[in-house]
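Let's walk through this structure together, from its overall make-up down to individual side chains. Keep the viewer open as you read.

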Amino acid sequence: MPPDEGSNPLEKTSDMAKLTPAERARIYKERAAAAGIGRPAPDQPAGGAAPAPTPAPAPAPKPAAAAASGGGGAGALTPDQRQRLAAAVQRGAGGGTATATAAPTAAAAKPSAVEAQSQRLVYVWPHLVTIELMSAVLMLVSMIIIAMVIQAPLEGIANPDKTPNPSKAPWYFLNLQELLLHMHPALAGVIVPSVALGLIAIIPYFDRDNRDVGKWFGTKKALSITWFTTWYSTLVLFALVFFDEFVGQKPLMKGLADRTGLAFLNSPVLVDIVLPLILMLGPIGILVWLLKKFYKPDGARDWMIALFTGFFVAFIILTIVGTFLRGQGMHLMWPWDPRMIRIE
């Protein structure tokens, strides 16, 4: 609201509280022009000692504040007040210019929402596809170099009347072939793989937390749980393999049946199904107890990381054992043992 007639134009009215410095400077200029400030007084000669300041250009259109102020307040100002008003107008104009200059600079420094989102996202093209293409080319070149350096001639035509010793499955099935040595074929070849794949498929239904999805070791305890599960699974798997090779569950149960006279201890169901299940599920239960006692997993994700790590380590260890530690007759032996050579 404009000042009342006869009031001091230096007064800050209530409607100027929320205005920017530039807007307040403009109103001061309008009031100064309406009050005659900046022009020589009628009783002063034009060639006085103090030259009259250049009047500010009148804005268009003229605001209502300037029109309402009129020229009635000019006589109420002393020369000192006029100088103070002129200085306030100049300071306001300078502050408004600085504010107006700083605003575009800050806006330019702050990225837009689209730019910020583009910095956070990694798109399939070209980021992922480029990496996959380079990986495929690197793998192809590596295989070509290996084929040129290492001679791997084709073997003879398969003879159905003569089975080679040892007869091994492809490397990606050697883990299942290793299981066949320790339990019933239906359990090792059908039930255990089906249950394992089914449990992996339902992991998202147990771990429904969307935080840190897609990150390796996304929780505080994930790395320590992974390391413990890896070492525990490795030791347990090698211990079970050595136990079955040098002691054997079948000879052990047969000896117990002969000494106790309990024939059911040597039954195929107990030896080939029940006992392998106990030896397979027992260490998993012990792992869960150890994790709960010493590591105290925080939620479903820590448990899923632990169990999946155990499955992954079992896959790798059984594949390594079947590839490098099984020789003639599928017996356990060192890789440099002469009996590792396959007999055609």
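Before anything else, one convention will help: a residue is called buried when its relative accessible area is under 20%, exposed when it is over 50%, and partly exposed in between. D212 makes a handy example, because its relative accessible area of 35% puts D212 in the partly exposed class. What you are looking at is a predicted model, and the confidence scores come up again below.

Start with the overall picture. The chain contains twelve helices and zero strands, so if you trace the elements from the N terminus on, you read α-α-α-α-α-α-α-α-α-α-α-α. Of the 344 residues in the chain, 27% are buried. The accessible surface comes to about 23800 Å², and carbon and sulfur atoms account for 69% of that area. Contacts across the sequence are also worth a look: taking those between residues at least 6 apart, 67% join residues at least 24 apart.

How far can you trust each region? The average pLDDT of the chain is 81, and 77% of the residues score at least 70. Among the elements, helix α9 (residues 222–246) has the highest mean pLDDT, 96, while helix α2 (residues 64–69) has the lowest, 42. Over residues 60–75 the pLDDT is below 50, although this stretch has 16 contacts in the model beyond near neighbours in sequence. Residues 44–50 also stay under 50, and for them the model has zero contacts beyond four places in sequence. Where pLDDT is low, the predicted coordinates should not be read in detail.

Now turn to the interior. Which residues make up the largest nonpolar core? The eight residues are L237, V241, V313, A314, I317, V321, L325 and L332. Two elements, α9 and α12 (300–324), give two or more residues each to this core, and the largest share, four residues, comes from α12. To see contacts of one core member, pick I317: apart from its neighbours within four places in sequence, I317 is in contact with T234, L237 and F238. Helix α12 also holds F312, which is partly exposed because its relative accessible area is 48%. F312 and T230 are 82 residues apart in sequence, yet their C-alpha atoms are 8.9 Å apart in space.

A loop residue deserves a stop too. H182 sits between α6 (174–180) and α7 (185–201). Is H182 buried or exposed? With a relative accessible area of 15%, H182 is buried, since the cut-off for that class is under 20%. Leaving out residues up to four places away in sequence, H182 touches D244, Q249, P276 and R326.

On the outside, look for a nonpolar surface patch. L133, V137, M139, L140, V141, M143, I144, I145, I146, M148, V149 and I150 form this patch, and together they have about 1200 Å² of accessible area. One of its members, M139, lies in helix α5 (residues 124–149). M139 counts as exposed because its relative accessibility is 52%.

Let's finish with the charged side chains. Side chains of opposite charge can pair when their charged atoms come close. The count here comes to ten salt bridges, taking a nitrogen of Lys or Arg within 4 Å of a carboxyl oxygen of Asp or Glu. One of them joins R211 and D209, whose closest N and O atoms are 2.8 Å apart. R211 is exposed at 60% relative accessibility, whereas D209 is partly exposed at 31%. In another, the side chains of D212 and K215 meet at 3.3 Å, N to O. You met D212 earlier as a partly exposed residue; K215 is exposed, with a relative accessible area of 55%.

A further salt bridge forms between K250 and D272, with the closest N and O atoms 3.8 Å apart. This pair links distant parts of the chain, since K250 belongs to helix α10 (residues 249–260) and D272 to helix α11 (residues 268–295), 22 residues apart. D272 counts as buried, at 16% relative accessibility. Finally, E178, E245 and R326 are joined into one network by salt bridges that share partners. R326 may look familiar, as it is also among the residues that H182 touches.

Note on methods: Residues numbered from 1 in each chain as written. Predicted model: local features only at pLDDT ≥ 70, side-chain atom pairs only at ≥ 80, totals over all residues. Heavy atoms only, no water. Buried < 20%, exposed > 50% of the residue type's maximum accessible area, 1.4 Å probe, protein only. Contact = heavy atoms within 4.5 Å. Areas by Shrake-Rupley, 256 points an atom, 1.4 Å probe, with all protein chains shown as cover. pLDDT = per-residue confidence, 0-100. Patch = residues over 30% accessible without salt bridge, like charges linked within 9 Å, V, L, I, M, F, W, Y side chains within 5 Å. Core = buried A, V, L, I, M, F, W, Y, C linked by side-chain atoms within 4.5 Å.
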